[in-house]
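Morning, everyone. I will go through one structure today, starting with its domains and ending with the ligand. Please have a look at the screen first.

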Amino acid sequence: MNQTINNEQSNTEVKEKNNNKPGYYGEYGGAFVPESLVQNLECLNKAFVDAINDENFVKEYFYYLKNFVGRPSPLYYARNLSNYCGSKIYLKREDLNHTGAHKINNTVGQILLAKRMGANEIIAETGAGQHGVATATVTALFGIKCKIFMGAVDIERQKSNVNRMKLLGAEVIPATTGSATLKDAVDAAFDYYIKHPDSYYMIGSHVGPHPFPNIVGYFQKVIGDEAYKQILEEEGRMPDSIFACIGGGSNSIGLFQSFLNEKDVKIYGAEGGGEGFLPKTAATISFGKPSVFQGTYSYCLVDEKNNPMESYSIAAGLDYPGISPQHSFLKDSGRAQYHIITDKEAINAFKQLSRLEGIIPAIESSHAVALALKLLKDKNELAIINISGRGDKDAERIS
Ligand SMILES: Cc1ncc(COP(=O)(O)O)c(C=O)c1O
């Protein structure tokens with residue numbers, strides 16, 4: 001990966017220079033990229049801003065969300081889980097979307113943007129394979145060539161999604177460097193993008209240089225906007241707390257955004273804690289520090305020399321040493337709280353939700369369920385948990 005993308009600049013310098021400039025969330029964010037990508041990203045930003053101000057574009061996006069993805073996703077009252085926990089819990093059912101996760105909200109929006117920009121090749125990275133499947137799905141729909149970069153370790157642990165991507169006509173390219181997981185897939189995708197600036201990089205999470213986080217955040221906001229309306233319809237009031245798991249941070253930002261101004265709503269992110277301690281963890285906010293990583297300034301897991309570390313989590317979609325710059329800002333401002341959930345706790349929650357509600361959650365989403373069960377026990381609170389995806393892909397490994 002190009003040095004400018006994983007930079008070791010003085011953190012104080014980066015912080016002071018950039019606070020609240022466009023493309024920043026407080027001091028976090030920005031675009032730390034090689035010269036050759038600067039113009040590309042500026043064009044992308046301009047095309048994105050034009051598109052979201054064009055009512056035909058927005059109409060088409062919502063057309064596909066409704067008719068292709070199957071939105072709105074239900075906000076489901078989980079009676080058995082609520083009785084078990086002693087709080088009233090609703091599940092936002094992103095697992096019911098076409099392709100089985102929230103990732104499709106973003107790829108539907110981005111494929112329309114790519115089409116508008118005249119792209120003839122789409123590239124993407126994937127961890128759990130859900131973003132890869134969602135990308136391969138929309139490129140099949142619009143007949144555009146697609147290359148998916150995926151860590152060799154993730155190819156092994158999420159085999160069923162690899163088969164789906166291939167069936168949909170995508171080329172899956174193994175990333176074999178480092179820990180051969182999501183970080184290395186993102187590195188490989190950026191390397192390809194730098195060499196082929198005519199391709200469209202359909203990034204899958206709320207990460208990377210500006211304007212990627214803005215784009216992904218915009219296309220995932222539908223989760224929170226729906227949940228906000230649905231909870232009012234069901235309960236006539238705001239929830240006391242909302243929960244989501246955090247990989248790069250897209251399903252969580254999708255939910256959290258709509259509730260940020262509701263000061264009484266507590267916001268909780270569940271990080272992939274792995275074994276619960278360094279270096280066997282992917283809990284970026286809990287164990288990381290602000291650094292420039294993969295084109296953005298945000299929290300990152302780093303070693304003693306400030307180099308990005310390899311992360312570890314049982315959940316391929318959370319196994320990433322970086323995080324969205326907006327989450328870094330929300331953490332420092334205290335508006336959201338981030339907690340570690342270990343592999344063991346996530347596996348327990350995976351089984352509990354399956355048996356109590358007949359819903360098998362993705363192992364990623366199980367982290368959010370575990371955190372809610374921990375914090376809500378006998379609290380009699382009203383809460384929403386985002387079930388970011390379904391667990392079919394994990395069922396063979398966890399039983
Ligand atoms: C089902 C599911 N949930 C959550 C995530 C984590 O990603 P993000 O934090 O961008 O939502 C992934 C990533 O692959 C996923 O597949």
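**Domains and ligand shell**

The domain assignment gives this protein domain 1 (30-60 + 103-213) and domain 2 (70-101 + 221-395); the bounds come from an automatic or database assignment. This is a predicted model: local features need pLDDT of at least 70, side-chain atom pairs count only at pLDDT 80 or more, and totals for chains, interfaces and linings use all residues. Residues are numbered from 1 along each chain as its sequence is written.

The C-alpha centres of domain 1 and domain 2 lie 22 Å apart. In domain 1, 33 residues are in contact with 35 residues of domain 2, contact being C-beta atoms, placed from the backbone, within 7 Å. By class, the side of domain 1 that touches domain 2 has 13 nonpolar, 16 polar and four charged residues. Here Ala, Val, Leu, Ile, Met, Phe, Trp, Tyr, Cys and Pro count as nonpolar, Asp, Glu, Lys and Arg as charged, and the others, Gly among them, as polar.

Now the ligand. Which residues come nearest? Of the 21 around the ligand, they are Q130, G247, S250, G317 and G389; a residue is near if its C-beta atom, placed from the backbone, lies within 6 Å. The shell has six nonpolar, 14 polar and one charged residues. Helix α11 gives the most, three residues; helices are DSSP runs of H or I, at least four residues, numbered from the N terminus.

Where does the ligand shell sit? Domain 1 and domain 2 both give residues to the shell, so it lies between them.

Conventions. Helix = DSSP H or I, 4+ residues; strand = E, 2+ residues; numbered from the N terminus. Contact = placed C-beta atoms within 7 Å.
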